[in-house]
Amino acid sequence: MTPRKKLEGLVAATVTPMTPDGRINLSVIHQYVDYLVSEQNVKNIFVNGTTGEGLSLSIQERKQLAEEWMCQGKDKLDHVIIHVGALSLLESQELARHAAAIGASGIAVIAPSFFKPTNKDELLGFLQKVASEAPTVPFYYYHIPAMTGVKIRVEELLDGIREQIPTFQGVKFSDTDLLDLAQCINKKEREQFVFLYGVDEQLLSALAIGANGAVGSTYNYLGRKTNLMLQAFAKPDLALARKYQVQYFCYPHREQTFFLLYLPWGVLCVVLSPVPSDIPVKVNCFQLQPPAFYS
Ligand SMILES: CC(=O)N[C@H](C=O)[C@@H](O)[C@H](O)[C@H](O)CO
Ligand SMILES: CC(=O)C(=O)O
């Protein structure tokens, strides 16, 4: 792994492979890594986040998964970002220390979502207490207000953030408020920070205002095609880039996400197969085949 390479481009938010009896299935992670690298041309991953259902896993499970992804990603992946957010500050800190100990290339934290921070300073206080437990690991704030209910604008949060969190590296921005994102990117510190967009269906719009890349569930199976969109955008061939973005309008991602979140034993397959009756078998076999729709 080459952790100091700047994080940009696509990051796959990995699903958590499970066995049919509801245990984490570490044994298939090596296949999963190889699949991402060779089939999707994606060399960065975001582990234990929304797609990976990190908040529904135990601390022990999250640590085991982080270790396995790190181990299998060694020499194959560029960046392994571990999401360490939790409702309990102590648990989040423990996960941050663990991620540092296993050599993660970054950690990310969502806002606590039951007893919510009500203003910027409360949120920053929580993030700072987690980040300081991993003082050499790049830190990302994971903004996903639709899930957390914490709507504090990121632009406001960024003011003076480096003073409080010296490891602050950037934001995983999973919201449709592109004005907030644009204002973040236009801050004077923008060169130092990385903005990774997290609403896959409108990544092209985020690229247009300066996002550095993207973290998302769909890059597990649309990585290769979305890389073509990034290339078309860079050229620039906007007509072609739009063609690639449109593929995202043709499939009910939001329904998929619903399944992803609420069927803990079927996560992987719901992403990869639109046929719910196939779920248990496919999870078992860990068939990383995109649905025909995308091929
Ligand atoms: C709520 C959710 O899971 N958001 C993901 C990232 O944050 C996205 O990658 C979506 O899964 C994707 O945009 C499909 O709707
Ligand atoms: C999409 C993303 O980053 C997540 O699943 O956490």
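These legends accompany close-up views of a predicted model.

**Figure 1. Overview of the predicted fold.** The protein has 14 helices and eight strands. It contains 295 residues, of which 55% count as buried. Sequence-distant contacts are a feature of this chain: among contacts between residues at least 6 apart in sequence, 73% join residues at least 24 apart. The accessible surface comes to about 12,800 Å². Carbon and sulfur atoms account for 55% of that surface. The salt-bridge count for the model is nine.

**Figure 2. Lys172, a buried lysine without a salt bridge.** Lys172 sits in strand β6, which spans residues 168-173. The side chain of opposite charge nearest to Lys172 is that of Asp200, 6.8 Å away. A salt bridge requires a nitrogen-to-oxygen distance within 4 Å, so Lys172 and Asp200 do not form one. Instead, the view shows a polar contact of 2.5 Å between the side chains of Lys172 and Ser174. Leaving aside residues up to four places away in sequence, Lys172 touches Phe46, Tyr141, Tyr142, His143, Leu196, Gly198 and Val215.

**Figure 3. Thr218 and its polar contact with Asp200.** Thr218 is found in the loop between β8 (213-216) and α10 (219-234). Thr218 has a relative accessible area of 3%, so it counts as buried. Its side chain joins that of Asp200 through a polar contact of 2.6 Å. Asp200 also appears in the previous view, as the nearest side chain of opposite charge to Lys172. Val11 is marked for a second comparison: Thr218 and Val11 are 207 residues apart along the chain, yet their C-alpha atoms are separated by 9.8 Å.

**Figure 4. The salt bridge between Asp34 and Lys76.** The closest N and O atoms of this pair are 2.8 Å apart. Asp34 lies in helix α1 (residues 29-40), and Lys76 lies in the loop between α2 and β3 (79-83), so the bridge ties together parts that are 42 residues apart in sequence. How accessible is Asp34? At 32% relative accessibility, Asp34 counts as partly exposed. Lys76 is also partly exposed, with a relative accessible area of 32%.

**Figure 5. Arg153 at a salt-bridge network.** Side chains of opposite charge can pair when their charged atoms come close. Arg153 and Asp177 meet in a salt bridge with an N to O distance of 4.0 Å. Arg153 lies in the loop between α5 (145-148) and α6 (154-157), while Asp177 lies in the loop between β6 and α8 (178-185), so this pair links parts that are 24 residues apart in sequence. Arg153 is partly exposed at a relative accessible area of 28%. Asp177 is partly exposed as well, at 27%. Arg153 forms another salt bridge, with Asp180; here the closest N and O atoms are 4.0 Å apart. Asp180 belongs to helix α8, so the second pair connects parts that are 27 residues apart in sequence. Is Asp180 buried or exposed? Asp180 is buried, with a relative accessible area of 1%. Through shared partners, salt bridges join Arg153, Glu155, Asp159, Asp177, Asp180 and Lys187 into one network.

**Figure 6. Leu7 and its contacts.** Leu7 lies in the segment before β1 (9-13). At 2% relative accessibility, Leu7 counts as buried. Which residues does Leu7 touch, not counting those up to four places away in sequence? They are Asn44, His79, Ile81, Tyr140, Val194 and Leu196. Leu196 is also among the residues that Lys172 touches. Pro135 gives a further reference point: Leu7 and Pro135 are 128 residues apart in sequence and 18 Å apart in space, C-alpha to C-alpha.

**Figure 7. A nonpolar patch on the surface.** The patch is formed by Leu55, Leu87, Phe114 and Phe115. Together these residues have about 510 Å² of accessible area. Leu55 is placed in the loop between β2 (44-47) and α2 (59-73). Its relative accessible area is 44%, so Leu55 is partly exposed.

Definitions and conventions:
Residues numbered from 1 in each chain as written. Chains lettered and ligands numbered in written order. Predicted model: local features only at pLDDT ≥ 70, side-chain atom pairs only at ≥ 80, totals over all residues. Heavy atoms only, no water. Patch = residues over 30% accessible without salt bridge, like charges linked within 9 Å, V, L, I, M, F, W, Y side chains within 5 Å. Areas by Shrake-Rupley, 256 points an atom, 1.4 Å probe, with all protein chains shown as cover. Helix = DSSP H or I, 4+ residues; strand = E, 2+ residues; numbered from the N terminus. Buried < 20%, exposed > 50% of the residue type's maximum accessible area, 1.4 Å probe, protein only. Lys, Arg positive; Asp, Glu negative; His and termini not counted. Polar contact = N/O pair within 3.5 Å; in protein donor to acceptor, adjacent residues only side chain to side chain. Contact = heavy atoms within 4.5 Å.
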